[in-house]
Amino acid sequence: MVNRVQNYAKKTFLAIDNRYKSVKKVYPNSIDNISESSGYFMGTKEVKTISEAFISRLNRLGFSHHTIDKASLSGRAIDLDLINPLTGNYMTGSSSGTALNVFLGINDLGIGTDGGGSVLAPAMSLNLCGFIHPEIGKDSISKEEVKVSTDGVVFSPSVGLITRELELIECVIENEFSFESKGKIRIATDTEELMSNEKLNKNNYDISLVEMSDKYTKERGELITDLTNLLEQYDIVISKEGPVDLQGFGDTIFGHFSDETKAYQQLANKGFIRVANMVNAITLSVPTTQLGEGYVLMSKNDAIMRQLISIGKNIQADKDELVERYFNDLSKYFEMGI
């Protein structure tokens, strides 16, 4: 039986081996902070936006800075240098390496940045959990970075979290924010199965079925208007999205050339994840049972973040046994040495 410290050592071996080309730098001394009962590995996207103060706060929570992760060039929505191990397609960007290093077991938590889906989409493409909040990771010396998307929308990136374990997101946000309580919560969803989900406490949630079927074909400006209106009417909006980048790839550079390339871009099935950050929505994505598919929970109300996490726990799919067995036995990578 491999003990916990031995397993974490193998995480570092895999990071150094870097066969998926997702790691830019490794900090092997992170193993010093791992014991048989505590400590986690954390990776950060190779960008300036993630502050040292935020990394220090996470260190104090037990997350040791293990890797700096590759990102797609200029925040592009696909990464032509990396491959999604589940689909064999180009990896979704731009927090591509950060998501990959969580999926592969190199890190427990990934810290990325999201402008137009750059945390949520890579997480979803690998059936991981993703979270963004307009204020997470911010501090008094943080500089507000303003960018323009490839389709002309002005936005400021958010810092976001990627993990296999929703409890780790909960741990971080409980340290970053103060939770409050709220009465009955109004939810809008386009997903019929949530209307009959037995795990959801219907006494606390007033759930309405709302049409959102054109979310994949609308331009970002239209989606921003639609999501803004929904979040004014409801406490939480839950959109089922994906499979991400399975039948097409959601890249604006590719899609802008013609009607044909635009249609292929839309087959990537990215909906509100493209604009959740742009409307400053607190957003949690959790996987379904299907490849590259997830529930996207969005809110503008800090007071219900606890309920947001609770709903996510109740509707996320169990881990896929075959995927876990194939990718998370780290010993398999080293049977023939390095």
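**Surroundings of Asp-79 and overall features of the chain**

Apart from neighbours within four places in sequence, Asp-79 makes contact with Lys-70, Ala-71, Ser-72, Tyr-90, Met-91, Gly-93 and Ser-96. Asp-79 itself is placed in strand E4, which covers residues 78-83. With a relative accessibility of 1%, Asp-79 is counted as buried, because the cut-off for a buried residue is a relative accessible area under 20%. The structure described here is a predicted model, and the environment of Asp-79 is taken as the starting point for the description that follows.

One of the contact partners of Asp-79, Gly-93, also takes part in an unusual backbone feature. Most peptide bonds are trans, and most residues other than glycine have a negative phi. The peptide bond that leads from Gly-93 to Ser-94, however, is cis, with omega near 0°. Ser-94 lies in the loop between strand E5 (90-92) and helix H3 (96-103). Another cis peptide bond, likewise with omega near 0°, runs from Gly-242 to Pro-243. In this case the loop that holds Pro-243 is the one between strand E13 (236-241) and helix H8 (252-255).

Positive phi values are found at Ser-74, where phi is about 60° although the residue is not a glycine, and at Asn-269, a residue other than glycine with phi near 60°. Ser-74 belongs to the loop between strand E3 (63-69) and E4, and E4 is the strand in which Asp-79 is placed. Asn-269, for its part, is found in the loop between helix H9 (259-266) and strand E14 (282-287). In terms of accessibility, Ser-74 has a relative accessible area of 72% and is therefore exposed, whereas Asn-269, at 11% relative accessibility, counts as buried.

Aromatic side chains were examined next. The structure holds nine aromatic pairs. Among them is the pair formed by Tyr-333 and Phe-334, which is tilted, with 6.3 Å from centre to centre and 55° between the planes. Both Tyr-333 and Phe-334 are buried, and together with Phe-13 these residues form one aromatic cluster.

For the chain as a whole, the secondary structure comprises eleven helices and 15 strands. The radius of gyration is 19 Å, which agrees with the value near 20 Å that would be expected for a compact globule with 338 residues. Along the principal axes, the C-alpha atoms of the chain fill a box of roughly 55 × 50 × 45 Å. Of the contacts in the chain with a separation of 6 or more, 71% are accounted for by residues that are 24 or more positions apart.

Buried residues, a group to which Asp-79 and Asn-269 belong, make up 55% of the 338 residues in the chain. The area that the chain exposes is about 15000 Å², of which carbon and sulfur atoms supply 49%. As for charge, the chain has 35 positive and 46 negative charges, and the mean positions of these two sets are 4 Å apart.

Definitions and conventions: Residues are numbered from 1 along each chain as its sequence is written. This is a predicted model: local features need pLDDT of at least 70, side-chain atom pairs count only at pLDDT 80 or more; totals for chains, interfaces and linings use all residues. Side-chain values use heavy atoms; hydrogens and water are left out. Helices (H or I, at least four residues) and strands (E, at least two) are DSSP runs, numbered from the N terminus. The radius of gyration is taken over C-alpha atoms; the globule rule is 2.2 Å times the number of residues to the power 0.38. Buried means under 20% relative accessible area, exposed over 50%, partly exposed in between (1.4 Å probe, protein chains only). Contact means heavy atoms within 4.5 Å. Accessible areas come from the Shrake-Rupley method with a 1.4 Å probe; for residues, only the protein chains shown count as cover. Lys and Arg count as positive and Asp and Glu as negative; His and the chain ends are not counted. The place of a charge is taken as NZ of Lys, CZ of Arg, CG of Asp or CD of Glu. Rings of Phe, Tyr and Trp (its six-membered ring) pair if their centres lie within 6.5 Å; planes under 30 degrees apart count as stacked, over 60 as edge-to-face and the rest as tilted.
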